[in-house]
Number of protein chains: 2
Amino acid sequence: MKELEERILRDGKNLGGGILKVDSFVNHQVDPLLMDACGREFASLFASVGATKILTAEISGIAPALTTAIHLGLPVVYARKHKPITMPDQVYLTLSPSHTKGRMVELIISPEYLAGGERVLIIDDFLASGATIMGLARLAQTAGATIVGVGALVEKIFEGGRSALTSMGVPIETLARIISMDGDQIVFTDD
Amino acid sequence: MKELEERILRDGKNLGGGILKVDSFVNHQVDPLLMDACGREFASLFASVGATKILTAEISGIAPALTTAIHLGLPVVYARKHKPITMPDQVYLTLSPSHTKGRMVELIISPEYLAGGERVLIIDDFLASGATIMGLARLAQTAGATIVGVGALVEKIFEGGRSALTSMGVPIETLARIISMDGDQIVFTDD
C-alpha cells in the first residue's frame, strides 16, 4: 500500500538491529486517517474469507484491528498481556516471545469472547518472526475456532515470519513489506 | 447516549465494589460500530473546542480515542504504561493509581509527540475517581500544552471524579452516567 510505504519512508526510523520505529503514526501517536485507510484495505483484501471475528494482541494491534473491524462490521477481541480482575479464572493463555521486550509475555483471552465455530481473522501491526501471530492462532485453535486469514501493517521479510505461518494454509496479507534494513536503510519489495 | 446506556444495561455486569465489567463491547472484545458511534458523538460534542491532538491512556482508552480522532481528523497519542525501547531517554512521566490493579502505574509520553502550544482533548473509557485523567492532564501541562476538553464513555458519578476535574475549567462530556451500582443494579442519570 503506497500510502503506508511512503509514510514509513518519511516518518519511520531504522533504529538498527532490525527495529523499525513507527511511533509517530502507529505505536504511540496514531494517525487515525492512515489507520482507517489501512483498515479499509484489510477489509477489502479479506472480504471473502467469511470471518466472524477479528483477533489481535494489545497494545499496538488494537488500532489497525479496530479500523478493519469497523469496515467489516465484525467484533474485535484483543488478547490481554495481564489478566484483569474482570476476567474469569479459567482463561485461554499462551506464552509468546516479545521481540522488543526480550522476554516471554502472556497472551490471554477469555473463553467468553472466543468460541468454537468462530472464523477468526488475525490483524496485527507487525509480521516479524511471526511469534505473536502464532500465539494468537494457538489461542484461537484451543478455543475450537478456525483461522481464516492473517493481516499485518508491516512485514519484515528478513525475519521469516511468513514461512512460519504458511502451515496454517490461510491468506497472509501485509501492507508494507520490508526486504532490508541494513545500515540506516528501509527497502521495500513489491513481491 | 441512549445506545451506550442500553448496551451497558444489556451486556454490562456489576461485579460489586463499584466495578463495572464492559469486557464484551469495550475492554476486551470491542464492538467497533458502537465505538464508532461514540467517537462520532465525542467529535460532535467537542467540535468547537479547537483541539489539535487527542490524548488517552493505553489500553482501554485507545478504542474510543481512535474513533473520536477519525471523526475529528486529529492525531491521537496514547500514554504508555511501560517505556518501549523505541522511546527516547527523556520522557514525560507521572504516576497514577490504578483502580483495577490496586497499585500505582506509570503514564509515559514521549516529548516527540506532545509539544508546547498543543490544544489537547483527553478521551478515556471511564471517568471514575478522575485519577488517570488528572495524570494525563499533568503530562500535557508539563509539556506546555493546554487541555481543552475531557470525554469519557462511562462516568461513575458516585466516585466523584468530575469535581476533581472541575478546576481545569474545561468542558467534561460523558456518554453514560451511572449514579448508583448498589446491589447488582446499574442506575443511570440524565443530569
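**Stop 1: where the chains touch**

Start by selecting chain A and chain B together in this predicted model. On the chain B side, 42 residues are in contact with 42 residues of chain A. The two chains bury about 3,600 Å² between them, and 65% of that area is on carbon and sulfur atoms.

Now zoom in on K21(B) and E112(A). Their side chains meet in a salt bridge, with 2.8 Å from N to O. Between chain B and chain A the count of salt bridges is two. Polar contacts also cross this interface, with 20 residue pairs found.

Which elements of chain B should you colour here, as giving two or more residues to the side that touches chain A? They are α2 (23-27), β3, α3 (32-45), α4 (62-72), β5 (76-79) and β7 (103-109) of chain B. Give α4(B) a colour of its own: with six residues, α4(B) gives the most to that side. If you colour this side of chain B by residue class, you will find 24 nonpolar, ten polar and eight charged residues.

**Stop 2: the axis**

Next, show both chains as traces. A rotation of 180 degrees, with 0.0 Å of shift along its axis, superposes chain B on chain A, and the RMSD is 0.0 Å. This is the relation of a two-fold axis. To find the axis from chain B, select I59(B): its C-alpha is the nearest to the axis in that chain, at 3.2 Å. Both copies use the same surface, as 100% of the contact residues of chain B recur in chain A.

**Stop 3: two cis peptides**

Stay with I59(B) and add its backbone. Is the peptide bond from E58(B) to I59(B) cis or trans? The bond is cis, with omega near 10 degrees. I59(B) sits in the loop between β4 (53-57) and α4 of chain B.

Then move to chain A and select E58(A) and I59(A). A cis peptide bond joins these residues too, with omega about 5 degrees. Here I59(A) is in the loop between β4 (53-57) and α4 (62-72) of chain A.

**Stop 4: a sheet with strands from both chains**

Switch to a cartoon view and pick out the strands one by one. Seven of them form an open sheet of mixed pairing, in the order β11(A)-β10(A)-β9(A)-β8(A)-β4(A)-β5(A)-β3(B). At the edges stand β11 (187-188) of chain A and β3 (29-30) of chain B; each has a single partner strand, so one side of each is left without a neighbour in the sheet.

Inside chain A, highlight β9 (residues 146-156) and β10 (residues 172-180). These strands run parallel and are joined by six bridges. For one pair to label, choose E155(A), whose bridge partner in β10(A) is R177(A).

Now select β3 (residues 29-30) of chain A with β5(B). They pair in the antiparallel sense over two bridges. V30(A) has V76(B) as its bridge partner in β5(B).

**Stop 5: a salt bridge within chain A**

For the last stop, select D31(A) and R7(A). Their closest N and O atoms are 2.6 Å apart, and the pair forms a salt bridge. D31(A) lies in the loop between β3 and α3 (32-45) of chain A, while R7(A) lies in helix α1 (residues 2-11) of chain A, so the pair ties together parts that are 24 residues apart in sequence. If you would like to keep exploring, the structure holds 18 salt bridges over all chains.

Key:
Residues are numbered from 1 along each chain as its sequence is written. Chains are lettered from A and ligands numbered from 1 in the order in which they are written. This is a predicted model: local features need pLDDT of at least 70, side-chain atom pairs count only at pLDDT 80 or more; totals for chains, interfaces and linings use all residues. Side-chain values use heavy atoms; hydrogens and water are left out. Two strands pair if DSSP finds at least two bridges between them. Helices (H or I, at least four residues) and strands (E, at least two) are DSSP runs, numbered from the N terminus. Contact means heavy atoms within 4.5 Å. Buried area is the accessible area (1.4 Å probe) that two parts lose on being put together, summed over both. A salt bridge is a side-chain nitrogen of Lys or Arg within 4 Å of a carboxyl oxygen of Asp or Glu. A polar contact is a pair of N or O atoms within 3.5 Å; within protein, one must be able to donate a hydrogen and the other to accept it, and residues adjacent in sequence count only if both atoms are side-chain atoms. Ala, Val, Leu, Ile, Met, Phe, Trp, Tyr, Cys and Pro count as nonpolar, Asp, Glu, Lys and Arg as charged, and the others, Gly among them, as polar. Copies are superposed by least squares on the C-alpha atoms of residues with pLDDT of at least 70 in both.
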